[in-house]
Amino acid sequence: APVTLFGYHILNNTAAIAYVQVFDKLSANVTVGTTVPDYVIPVPANGGAVMAMGRTGSKHANGMSVACTTTRTGSVAAVCDVLFWTN
């Protein structure tokens, strides 16, 4: 089902940068580390990332899946607290 992302608040309590990979696909169609993310949100070490995307948001026609990893397109899991505002 289509999803629109209107904003996010992501927290990274670790001492290393983390990356939230966002896919315009259902999780059944994603292999983390192999499937190329549609975009990546870097989250600084011991920090966070917050963004409001306004009324139009970011549209995901095929659903939305996310993964928090230690590299931009890798498969090693990182620990993040992710809150997305969607429709």
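A residue counts as buried when its relative accessible area is under 20%. The exercises below concern a predicted model.

**Exercise 1. Determine how many helices and strands the chain holds, and assess how compact the chain is for its length.**

Step 1. The secondary structure of the chain comes to zero helices and seven strands, and reading along the sequence accordingly gives the pattern β-β-β-β-β-β-β.

Step 2. The radius of gyration is 12 Å, which is close to the 12 Å that the globule rule gives for 87 residues, so the chain is as compact as a globular protein of that length.

Step 3. The C-alpha trace spans about 35 × 30 × 15 Å along its principal axes, and 34% of the 87 residues count as buried.

Step 4. Among the contacts with a separation of 6 or more, 77% come from residues 24 or more positions apart. The chain exposes about 5,000 Å², of which carbon and sulfur atoms supply 57%.

**Exercise 2. Locate the disulfide and decide whether Cys68 is buried or exposed.**

Step 1. The structure holds one disulfide, formed by Cys68 and Cys80, whose sulfur atoms lie 2.0 Å apart. Since the cut-off for such a pair is 2.5 Å, the separation of 2.0 Å satisfies the criterion.

Step 2. Cys68 belongs to strand S6 (residues 65–69), while Cys80 lies in the loop between S6 and strand S7 (81–86), so that the pair, twelve residues apart, links distant parts of the chain.

Step 3. The relative accessible area of Cys68 is 16%; because this value falls under 20%, Cys68 is buried.

**Exercise 3. Work out the strand order of the open sheet of three strands, and explain why one side of S3 and of S6 is left without a neighbour in the sheet.**

Step 1. The order in this open sheet is S3-S2-S6, and the pairing is antiparallel.

Step 2. Strand S3 (39–43) and S6 stand at the edges with a single partner strand each, and therefore one side of each has no neighbour in the sheet.

Step 3. Neighbouring strands of this sheet are turned by 20 degrees against each other on average, with direction ignored.

Step 4. Strand S2 (residues 18–23) pairs with S3 in the antiparallel sense over five bridges, and at the level of residues Gln21 has Val40 in S3 as its bridge partner.

**Exercise 4. Identify which strands are joined to S1 by bridges, and describe how far S1 is covered.**

Step 1. Strands of a sheet pair through backbone hydrogen bonds, in either a parallel or an antiparallel sense.

Step 2. S1 runs antiparallel to strand S5 (residues 58–60), to which three bridges join it, and Thr4 stands opposite Lys59 in S5.

Step 3. With S7, S1 pairs in the antiparallel sense over six bridges; here the bridge partner of His9 is Leu83.

Step 4. Six bridges also join S1 to strand S4 (residues 47–52), again in an antiparallel arrangement, with Tyr8 standing opposite Met51.

Step 5. Strand S1 (residues 3–12) is mostly covered, seven of its ten residues being buried.

**Exercise 5. Establish where Thr35 is found, whether Thr35 is buried or exposed, and which residues it touches.**

Step 1. Thr35 is found in the loop between S2 and S3.

Step 2. The relative accessibility of Thr35 is 16%, and because this is under 20%, Thr35 counts as buried.

Step 3. Leaving aside residues up to four places away in sequence, Thr35 touches Phe23, Lys25, Asn29 and Val30.

Conventions:
Residues are numbered from 1 along each chain as its sequence is written. This is a predicted model: local features need pLDDT of at least 70, side-chain atom pairs count only at pLDDT 80 or more; totals for chains, interfaces and linings use all residues. Side-chain values use heavy atoms; hydrogens and water are left out. Helices (H or I, at least four residues) and strands (E, at least two) are DSSP runs, numbered from the N terminus. Buried means under 20% relative accessible area, exposed over 50%, partly exposed in between (1.4 Å probe, protein chains only). Two strands pair if DSSP finds at least two bridges between them. Axes are lines fitted to C-alpha atoms, for helices over the stretch in contact, and angles run from 0 to 180 degrees between N-to-C directions. The radius of gyration is taken over C-alpha atoms; the globule rule is 2.2 Å times the number of residues to the power 0.38. Contact means heavy atoms within 4.5 Å. Accessible areas come from the Shrake-Rupley method with a 1.4 Å probe; for residues, only the protein chains shown count as cover.
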